[in-house]
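Here's a quick briefing for anyone meeting this structure for the first time. Have a look at the sequence and the model, then read on.

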Amino acid sequence: MRAINIEPRQTGSPSRHTASAWLKMRIHLDAFRIAPLAYLVAVWWRICGKRVRARARFAPLLSASPRAYGLWLEREVAVARTPHVAGTIVALIDTAAGQEGVDRTLQSLSCENIVGLVIGGPDGLTLAEAARHIPWQDDPWVLAIAPGDRLAPGTRDAYLNALAHDSARHATIAYADDDLMDLSGRRSAPHFKPDWNAELFRHHDYLTGACILHVSESQLSHTSGSGWAAQLVAQTVAAAKAEPVHVRHVLHHRRTRPRPRLPDALAISGALPPVSVIVPTRNGLNLLRKCLEGVARTDYPDIEVIVVDNGSDDPDTLAYLDALDPCRHRVLRAPGPFNFSTLNNRAAQLARGALLCLLNNDIEVLAPDWLGIMATQALREDVGAVGAQLLYPDGRIQHAGVILGICGGATHAHRLLRPDAQGYFNRHALPQFTSAVTAACLVVQRQRFMAVGGLDEANFAVAFNDVDLCMRLNARGWQSFYEPRAVLIHHESVSRGFDRDPVGAERLAGELEAMKTRWGTDAIVDPFHHPDLNRFSDRFVVQL
């Protein structure tokens, strides 16, 4: 089991609906003040009847309002109380940073029938002493909590009910979403978390302070130090035989929480296997030359470059291809209608590399270590396709992983965000598992690519072939991986266009329908996204 959802209740009164409508109006006014031109464009698409496009435009604008979370709170789902739910939770209040707010936390715990033990301070217990006060015969769960933090009503029941599911019977960790709450009770900055993402956790501890743990008396007694809560979490994660259970509900109201840590430079593997870089192209000499010159500057021990020429007829391009060094480049002639999947599959069949790198001809290399970084991750046992951070020429993000279910299909995450912006808990800057990555720059083991049948030529000639490939790799246990330390520029669609002609639009509609049929993207909740994040936005904004 990856997550537990809590079904909404239908409640409301006329006065509440009036207040909600007024709040919506103020949010729209905020959005207009913040970005008037973008707001008017969204309105225009709504007037034109392009509802999906309008909602995609409105989503990030409305979420920028400081009142947006307030509107979501009006519709927040209360956790249903469950009489006589079995199980015991004991809270340990960590006073290492001070005791202010302990009474508020104890009161909140009492409302949930959770016993709270104060750890540290002049009157508090040591962990070893606390262990002697815990009824281990009841097989309890331990909640580490900070002074001043509070629990949502029904938290105990939500956790214990989630853990009562058969699919969670081996779980030793359950965690929930959280937000910040000030002394007046005002809530802000919600963190709607992904389901378990082991790689993301290495860089952002989104569990400590918002989870319950199944630990032993001995483990608790032998833990010490100011960071004992994070130590317990890390030890439990390392020893876990099942994935942590995610309760998709804001159960924790916190004063502070752990911050993401930007990753250190990756130690590139010292024994990198040969890689075949596959570059489909048709004319576009300036782009192709810049791409191949970047590959030539790449610091990698053994690179084979396969240029798949899809019917170039520009004399300069043909002359350039003929002049490429045959010791380093192979030119595969593949005339006919553009089918991205076919072009790459043909090259993959001929490739000698243990790794494949699918690379668009409009990719511009920035640093020589990009391929070594991606290859090192692709060699991991649990990793399938590896994608890079791709930037538009103006420096904004074009790709930082792929989210399923956005506008019924899939889209690039964090698009148009500046790389140095905070974004959504720095997710765009952190290595992590994702549902998919783009084939504009993708590295995968050739054997695994072949094991799932390569790209689907029949159903995904141009769009979504990379997403479909990633999903089939995921199903084999080879999870897609986003690696932000490999950064390149992508001149997106410069070489092929935007499918605005009737033929292209019809083809795209067919490929989108195939995605919905095969992977349920019109209904699925991406496990690395969240049902309370907007399904019409790639920017991880609250669902309004």
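**A well-hidden serine**

Ser341 is buried, with a relative accessible area of 0%; buried means under 20% relative accessible area, exposed over 50% and partly exposed in between, with a 1.4 Å probe and protein chains only. Before going further: this is a predicted model, where local features need pLDDT of at least 70, side-chain atom pairs count only at pLDDT 80 or more, and totals for chains, interfaces and linings use all residues. Residues are numbered from 1 along each chain as its sequence is written, and side-chain values use heavy atoms, with hydrogens and water left out.

**More on Ser341**

- You'll find Ser341 in helix H13, residues 340-350; helices (H or I, at least four residues) and strands (E, at least two) are DSSP runs, numbered from the N terminus.
- Setting aside neighbours within four places in sequence, Ser341 is in contact with Leu455, Asp456, Glu457, Phe460, Ala461 and Asn465, where contact means heavy atoms within 4.5 Å.

**Helix H12 and its two sides**

- In helix H12 (residues 315-323), the buried residues are Thr317, Tyr320 and Leu321.
- These buried residues cover an arc of only 100 degrees around the axis, which puts them on the same side of H12; the arc is that of the directions from the helix axis to the C-beta atoms.
- An α-helix has 3.6 residues a turn, so residues three or four places apart point the same way.
- Flip to the other side of H12 and you meet Pro315, Asp316, Asp322 and Ala323, which are exposed.
- As for partners, the buried residues of H12 pack against helix H11 (285-296), strand S11 (303-309) and strand S12 (329-333).

**Salt bridges**

- The count comes to 26 salt bridges, each one a side-chain nitrogen of Lys or Arg within 4 Å of a carboxyl oxygen of Asp or Glu.
- One of them joins the side chains of Arg254 and Asp149, at 3.8 Å from N to O.
- That pair links distant parts of the chain: Arg254 sits in strand S9 (residues 245-254), while Asp149 is in the loop between strand S4 (141-145) and strand S5 (150-151), 105 residues apart.
- Arg254 is buried at a relative accessible area of 5%, and Asp149 counts as buried too, at 3%.
- Both also belong to a network of salt bridges that links Asp149, Asp178, Lys193, Arg254 and Arg257.
- Another salt bridge brings together the side chains of Arg330 and Glu304, at 2.6 Å from N to O.
- Arg330 lies in strand S12 and Glu304 in strand S11, so this pair ties together parts that are 26 residues apart in sequence.
- Arg330 counts as partly exposed at 34% relative accessibility, whereas Glu304 is buried at 5%.
- Arg485 and Glu483 form a salt bridge as well, with their closest N and O atoms 2.9 Å apart, and both residues are buried.

**Helix H2**

- Helix H2 (residues 36-47) has 12 residues, which at 1.5 Å a residue should span 16 Å, and its end C-alpha atoms are indeed 16 Å apart; the expected span is 1.5 Å times one less than the number of residues.
- After H2 comes Gly49, whose phi is positive, near 85 degrees.
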